[in-house]
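The following report concerns the structure shown below. Its topics are internal cavities, one sheet, one helix and model confidence.

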Amino acid sequence: MTTKNLDKEALQAKFAEKFPKAEAIGEPAEGAAPTNLKGYLTMKLAASSDIIPVLRWLKDDLGFSYLDMATAIDWKGPVELDGYIREPNPNVFLPDGATPQVAQPLPHKTVNYRDAFELVYLVSNLEARLKVCLKFDIPRDGGSVETAIPVHRGADWREREIFDLFGITFTGHPNLIKILTPDFLIGHPLRKDYKHIKDRFDD
Amino acid sequence: MTESATEEKKPKLKSDQMFVNLGPQHPSTHGVLRIGLTIEGEIIVKAEPDIGYLHRGTEKLAEIRGYHHCVVISDRWDYLNAMGNNMVFCMATEKLMGVEIPERAQHLRVLMLELNRIASHLLFFGTYGIDLGAFTAFLHAFREREMVLDLFEKVCGARMTYNYIRLAGVMKDLPKDWLNECQEFLTFFKERLVDYDTLLSFNPIFLDRTKKVGIVSAKDALDWGWSGPNLRASGVDYDMRKFEPYSSYDKYEFEVPLGKDGSCWDRYYCRVREMHQSVRIIEQVLGGLPEGPTLGRGVAKVPKAKPGEAYAAIEGARGDLGILLVSDGNSSPYRLHVRAPSFVNLQILQEMLVGQKMSDVIAILGSIDIVLGEVDR
C-alpha cells in the first residue's frame with residue numbers, strides 16, 4: 001500500500017478513527033503556552049501504554065518506518081542554580097566581592113509545569129515526507145515505559161540515553177544500562193532537581 | 001542482517017573465546033570509542049560499543065546559558081561540521097522567536113554549510129584511506145581541507161569552531177576578495193576530485209577491502225535509524241535538504257547520490273559523490289549571491305524566546321542533525337535535545353560486527369564516519 005499522498009489532515013483523521021483517545025494538540029487556549037511542535041502534527045497520547053500500539057500501527061499501516069528522535073522533558077519547573085557546581089558564565093570584569101550576575105530562571109505563568117516527565121517521539125514517513133510527533137506524560141517517580149525496540153531497533157541507545165539522563169526505565173529493554181555519564185556519577189543529570197555531588201574530578 | 005546470513009558466517013571450527021578491547025585510544029576509532037569485542041578465532045561473536053568518554057553534558061549546560069552562548073557550545077558537538085551545528089541551533093531558535101533572516105545571510109549560510117561538508121568529507125576520505133593502509137590519499141585530502149579551513153579563517157577567524165552562523169543571520173559579511181579565493185579553490189578542487197577516484201576509489205586493493213564488506217540492507221538501515229550518506233548508500237533517498245528544504249536549498253539544483261548495496265565502498269563513494277554535488281551548489285551560490293544586510297534585526301543581546309516547542313533538522317555531514325528546543329520564556333532554553341546523527345548511526349555496530357572478521361572491524365567502523373564529540377555531546 002502506498003502512502004505517498006498522506007498529509008497532516010488525513011493522518012489526523014486516521015488517528016481519530018483508530019485511536020480516538022489520542023488528541024491532536026492544536027493552538028493553545030488564550031494565555032497558555034503552545035505545547036505542539038511547531039509545524040508538525042503533534043499527538044498527545046492518552047496513556048503511556050498506547051505508545052507501542054501507535055508506533056506499530058504507524059509503521060505497519062502508514063509507512064512511518066523511521067524513528068527520528070526520542071527524548072524526554074522534565075516539566076518540574078525551571079532548574080535551580082545550586083544544582084551546578086560552577087558559575088554558568090563567570091564575569092571576569094566583576095570586582096572582588098560583588099555578587100555574581102547569574103540569572104536564576106523564573107517560572108513562567110503560562111507554562112504548564114507539572115510533576116511529570118513528557119516523552120517525545122518523532123517518527124517519519126520518508127515517502128510522504130511527513131513527520132508526526134507523539135507525546136505522553138509519565139509520573140516523575142518510578143515512571144516506566146514499554147521499550148520501542150521490537151518496533152524500531154534504533155530506539156535502543158536513545159532509550160538508554162533517556163534512562164541515563166532522566167532515570168526513566170524502559171520495560172523489556174535488553175540492555176538498560178548507563179550510556180553517557182560515567183559509572184561513578186550519582187543521579188540523573190537532566191532532572192530539574194538534580195544536585196551534583198562533588199567527586200574527585202571537581203577540584 | 002537476516003538470521004540465515006548470520007548462521008552462515010558462524011565459524012565451523014570451535015575455538016576458545018577471547019575478549020579484545022578496541023580503543024579507547026585506538027587511532028582508527030577517531031576519538032575515544034571503546035568496543036569490547038569477543039572473538040572466536042578471527043570471527044567476532046559479540047561487540048559492545050562503549051561511549052561516553054567525551055561526555056560534556058551540553059544539554060545540561062544549555063539550561064542555564066543564554067541563546068547566544070548555546071551557539072558557542074554547539075560548535076563543540078560535531079567539531080568537523082561546526083557550521084551545521086550553529087545552523088541547526090539557530091534554526092530552532094529562530095523558529096521559536098519568529099525572526100526574519102535576510103536573503104544574503106540565507107545564501108551565505110548555505111555556502112558555508114556546503115564548504116564545511118566538503119571539509120568534513122575530505123577528512124573522512126583521508127582518514128578512511130589511512131585506516132585501510134593507503135597513506136597518500138590522506139596527504140592529498142588534508143591539503144585541500146586546509147584550503148577550506150583557510151577560507152573559513154578569513155571569514156570568521158577560527159579554523160574549527162566558527163560561531164559564524166548567529167541568531168538571525170551570520171556574524172559578518174565576507175571579506176574583500178574572498179569570493180575570488182573561493183572560486184580559485186573550486187577550480188583547483190574540481191580537478192583534484194578526479195584524482196581521488198584514480199587514487200583511492202577504484203584502487204584494486206581498496207576495492208577488495210571495502211566492496212563486499214559491511215553490507216547493510218535498506219530495511220536494516222532504516223530500522224536502526226541510520227541517516228546521511230550511510231543510509232543513502234543503502235539506497236534510501238532521505239536527505240533533509242530535499243525532505244524539508246531549509247534556508248535557500250530549494251533554489252539550487254543538485255542530486256542526492258545513492259548507493260546500491262550498502263557496502264563500505266558504497267558509503268565511501270556516496271561521500272565522494274556528495275563532494276561533487278557540494279561544489280555544484282557552491283558554484284550556484286557564488287553565481288547568484290544577493291546584496292544586502294547579513295544580520296537580521298529583532299534579536300536582543302540577551303534574547304528571550306516565547307514559551308513553546310520547536311524542532312529543526314538539517315542534513316549535516318553525518319546525517320540528520322536535529323534540535324528539539326523547549327522554551328519557557330526565560331533567557332535560556334528550558335530543554336535542549338540534540339538528535340546527533342553519529343550517536344544514532346553508531347548503535348548498529350553491536351549487530352553489524354557480529355560474524356565479521358577482526359580485520360574488517362576498522363573498515364566498517366571507518367565507513368560509518370562518526371565524530372565522538374557528537375556521539376557523547
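## Cavities

In this predicted model, the lining of the largest cavity comprises six nonpolar, five polar and four charged residues. That cavity encloses about 90 Å³ of space. Of the 15 residues that line it, those nearest its centre are A:Pro34, A:Thr35, A:Trp75, A:Val111 and B:Glu309. Strand 6 and strand 7 of chain B are the elements that contribute two or more residues to this lining.

The structure contains four cavities of 30 Å³ or more. The volume of the second largest cavity is about 40 Å³. Its lining includes A:Pro78, A:Val79, A:Pro105 and A:Lys192 from chain A, and B:Glu63, B:Asp328, B:Asn330, B:Ser332, B:Pro333 and B:Tyr334 from chain B. By class, five of these lining residues are nonpolar, two are polar and three are charged.

## The sheet of strands 6, 7 and 8

Two of the strands in an open, three-stranded sheet of chain B, strand 6 and strand 7, also take part in the lining of the largest cavity. The strand order in this sheet is 6-7-8, and the pairing is antiparallel. Strand 6 (308-315) and strand 8 (335-339) of chain B form the edges, each pairing on one side only. From one strand to the next, the twist averages 10°.

Strand 7 of chain B, spanning residues 320-327, pairs with strand 8 of chain B through five bridges in the antiparallel sense. Across this pairing, B:Leu325 stands opposite B:Leu336 of strand 8 in chain B. In general, strands of a sheet pair through backbone hydrogen bonds.

## Helix 15 of chain B

Is helix 15 of chain B largely enclosed or open, and why? Eight of the eight residues of this helix (residues 361-368) are buried, so helix 15 of chain B is largely enclosed by the rest of the structure. The buried residues are B:Val361, B:Ile362, B:Ala363, B:Ile364, B:Leu365, B:Gly366, B:Ser367 and B:Ile368.

Just after helix 15 of chain B comes B:Asp369, which adopts a positive phi of about 55°.

## Confidence

The mean pLDDT of chain B is 87, and 95% of the residues score at least 70. Within chain B, confidence is highest in strand 8, at 92, an edge strand of the sheet described above. The lowest confidence in chain B is found in helix 1 (residues 3-9), with a mean of 55.

Notes:
Residues are numbered from 1 along each chain as its sequence is written. Chains are lettered from A and ligands numbered from 1 in the order in which they are written. This is a predicted model: local features need pLDDT of at least 70, side-chain atom pairs count only at pLDDT 80 or more; totals for chains, interfaces and linings use all residues. Side-chain values use heavy atoms; hydrogens and water are left out. Two strands pair if DSSP finds at least two bridges between them. Helices (H or I, at least four residues) and strands (E, at least two) are DSSP runs, numbered from the N terminus. Axes are lines fitted to C-alpha atoms, for helices over the stretch in contact, and angles run from 0 to 180 degrees between N-to-C directions. On a 1 Å grid over the protein atoms alone, a cavity is a set of points where a 1.4 Å probe fits but cannot get out, and a pocket is an open set with protein on both sides within 12 Å along at least five of seven lines; lining residues have an atom within 4 Å of a point. Grid points are joined across faces, edges and corners, and a volume is the space filled by probe spheres set on the points. Ala, Val, Leu, Ile, Met, Phe, Trp, Tyr, Cys and Pro count as nonpolar, Asp, Glu, Lys and Arg as charged, and the others, Gly among them, as polar. pLDDT is the predictor's confidence in each residue, from 0 to 100. Buried means under 20% relative accessible area, exposed over 50%, partly exposed in between (1.4 Å probe, protein chains only).
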